[in-house]
Amino acid sequence: MNPLQKIGAFTAALAAAFGTAYGVGAALGPADPRTTTAGHTESHSSEPAAKTPPGDLLPAGLQVSQDGYSLDLETTAVPAGRSSLRFVVRDADGDPVTRYETAHGKQLHLIVASRELTTYRHLHPVRAADGTWSTPVDLPAAGGYRVFADFVPAAGSEGLTLGSDLSVTGPYRASPAPAPAATTTVDGYTVALEGTLAAGGESDLTFTVRRDGRPVTGLEPYLGAYGHLVALRSGDLAYLHVHPHEEAEGDGTSGPEVSFAATAPSTGTYRLFLDFKVDGTVRTAAFTVRAGAAPAAETGSGTHEETSHGH
């Protein structure tokens, strides 16, 4: 067989094979797009499919927009040191939100934390008539930060925590978070943590405040309770759901213990920032904890960090 005859025979065989495949495909009908589109495949494995965590386990603060509301951070970069932040919360139409519910004594709580979770600020900004919020802030270390706006819009039924990134310029030095420890000291007050975070569920955390070895029974009401706790996950800075076991009543004092329920969405390392008020001054005790199998004796942080509040 000469070369032209070989090519002709090969072409005929290929056409026949293609025609057979086409006929079989037509007989079987069109393919189901659900089984052919990447990212939307239907599993036929005998193993159960992975389940999405319950709604109350989904971390907050990872999104700049949620449920029709967006955090518009007008100040995206500041120099290290004293400066100011400006931002607007916008609704689904892009208009500034000007009506809020009061939660924990304030219409909006602003949390600023460094990516390394060694600098923490709890601020209470002031809102102008046009919906623009502003607050002074002191961020001494350069690096990446996360800004969280925690609020309940008057038009909504539930609270939201929206997050956005902030850059602090200047000479940068890495400052890793302290290792876990059972106690920490701030301004002469020693705070001990009892309890551990359990991944995927709610955990009880109890803080005991002492000064010079004596229990502090003069914890004053702060933001509607005898302590305020913020918990952030190391890495992505997910904002955990936390609430106190005891609400403050009137101007009465309490102590030395203050307890919370915290929900950790996963195993990993977290930072806890406990605000407590004594003699009119708010202080912050910072702890490092690991969710999972870490024993209670290894939770907490014994290093003093940059923490402060807006009043």
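**Close-ups of the cores and a three-stranded sheet**

**View 1. The largest nonpolar core and its best-connected members.** In this predicted model, the largest nonpolar core holds 26 residues, and those touching the most other members are Val191, Leu197, Leu205, Phe207, Leu272, Leu274 and Phe276. Six strands each put in at least two residues: S13 (189-194), S14 (201-211), S16 (228-233), S18 (257-264), S19 (268-278) and S20 (281-291). S19 gives the largest share of this core, with 5 residues.

**View 2. Zooming in on Leu274.** Who does Leu274 contact once its neighbours within four places in sequence are set aside? The list runs through Val191, Phe207, Gly227, His228, Leu229, Val258 and Phe260, then picks up Arg283, Thr284 and Ala285.

**View 3. A second core, separate from the one above.** This core has 24 residues. Among them are Val89, Leu139, Tyr145 and Val147.

**View 4. The open sheet S16-S19-S20.** Here 3 strands line up in that order, with antiparallel pairing. S16 and S20 each have a single partner strand and stand at the edges, so one side of each has no neighbour in the sheet. From one strand to the next, the twist averages 20°. As a general reminder, strands of a sheet pair through backbone hydrogen bonds, in either a parallel or an antiparallel way.

**View 5. Where S16 meets S19.** These two strands run antiparallel and are joined by 6 bridges. To find one of the bridge pairs, look for Leu232: its partner in S19 is Arg271.

How values were computed
Residues numbered from 1 in each chain as written. Predicted model: local features only at pLDDT ≥ 70, side-chain atom pairs only at ≥ 80, totals over all residues. Heavy atoms only, no water. Core = buried A, V, L, I, M, F, W, Y, C linked by side-chain atoms within 4.5 Å. Buried < 20%, exposed > 50% of the residue type's maximum accessible area, 1.4 Å probe, protein only. Helix = DSSP H or I, 4+ residues; strand = E, 2+ residues; numbered from the N terminus. Contact = heavy atoms within 4.5 Å. Pairing = 2+ DSSP bridges. Axes fitted to C-alpha atoms, helices over the stretch in contact; angles between N-to-C directions.
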